[in-house]
Structure formats: structure tokens, C-alpha cells
Amino acid sequence: MKPITFLGDSLEELRAFPQGARRAAGMQLDKVQRGLAPDNWKPMKTVGPGVCEIRVKDEAGIYRVIYIATFAEAVYVLHTFQKKTQKTAKSDLDLAKARLKDLIRRRP
């Protein structure tokens, strides 16, 4: 089972999700750690190769967890946020891209 590494403020943002969304996101991340696909996800090629998005719907709203699991050492959560519009905000995509770029630069 791969460990999860949260980049930037992604853990704090996830902890700010309502309890139901937080629990659902945690269960889906557990699947990813075990090498399984989450129930509701899509590839995020606009962020980078191998990047995926977990989609969580809760009575309080729609939430997203952007992660990459292609590295052997860990699952990296790049960004977590509440989605407020139909299209993912450019600022959310840019933040995930920047964290991925930094991650790749720092890896040995």
C-alpha cells in the first residue's frame, strides 16, 4: 500500500470538506493507495500525464481531489477543492500544475 503525500495546503483543504465529502474522498484515496481505481474519476491530462481527479458529490456540494499515483514511492495529492462551476477553474488547474512541476523537480 502506497503512502499518501499531500502537497501544499491540500490536506488542510481536504479537512475543510464537510464530513460526508471528507469521508468519501478518504475512501477513494484508500482505493488509490491499494492500486485500485476510484469509483468516480477522470484523467486530468491538462494538468499532466498520469494525473487524475477523484469526483465527490455530497449534499453540501461537489468536491475534487487531484492526484498522481504513477510514482512508485507514494500517491501525491496535488490539490483538493470545492467545485463551484461546471468547468474547473483555471486557478485550480494552474495550482495543480505548479505543484506537479515542483514535485517532478524535487524528485531524485
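In this predicted model, the lining of the largest pocket is made up of two nonpolar, three polar and six charged residues. The space inside the largest pocket comes to about 170 Å³. Its walls are formed by Asn40, Lys42, Glu53, Arg55, Val56, Lys57, Ile62, Arg64, Lys83, Thr85 and Gln86. Two elements, strand S3 (51–58) and strand S4 (61–68), give two or more residues each to this lining. Of the elements, S3 makes the biggest contribution to the lining of the largest pocket, with four residues. For a reader tracing the pocket on screen, S3 and S4 are therefore handy places to begin, as elements that give two or more residues to the lining under the DSSP assignment.

Attention can now turn to the protein's interior. The largest nonpolar core holds 15 residues, and the members that touch the most others are Val47, Val51, Ile68 and Leu78. At least two residues of this core come from each of S4, strand S5 (75–83) and helix H3 (90–106). Here H3 gives the most, with four residues.

A closer look at Val47 helps to picture the packing. Once neighbours within four places in sequence are set aside, Val47 is in contact with Leu78, Leu93, Ala96, Lys97 and Leu100. One of these partners, Leu78, is likewise listed with Val47 among the core members that touch the most others.

A further core lies apart from the largest one and has 14 residues. Its members include Phe17, Ala25, Cys52 and Val65.

How values were computed. Residues are numbered from 1 along each chain as its sequence is written. This is a predicted model: local features need pLDDT of at least 70, side-chain atom pairs count only at pLDDT 80 or more; totals for chains, interfaces and linings use all residues. Side-chain values use heavy atoms; hydrogens and water are left out. On a 1 Å grid over the protein atoms alone, a cavity is a set of points where a 1.4 Å probe fits but cannot get out, and a pocket is an open set with protein on both sides within 12 Å along at least five of seven lines; lining residues have an atom within 4 Å of a point. Grid points are joined across faces, edges and corners, and a volume is the space filled by probe spheres set on the points. Ala, Val, Leu, Ile, Met, Phe, Trp, Tyr, Cys and Pro count as nonpolar, Asp, Glu, Lys and Arg as charged, and the others, Gly among them, as polar. A nonpolar core is a set of buried Ala, Val, Leu, Ile, Met, Phe, Trp, Tyr and Cys residues joined through side-chain atoms within 4.5 Å. Buried means under 20% relative accessible area, exposed over 50%, partly exposed in between (1.4 Å probe, protein chains only). Contact means heavy atoms within 4.5 Å.
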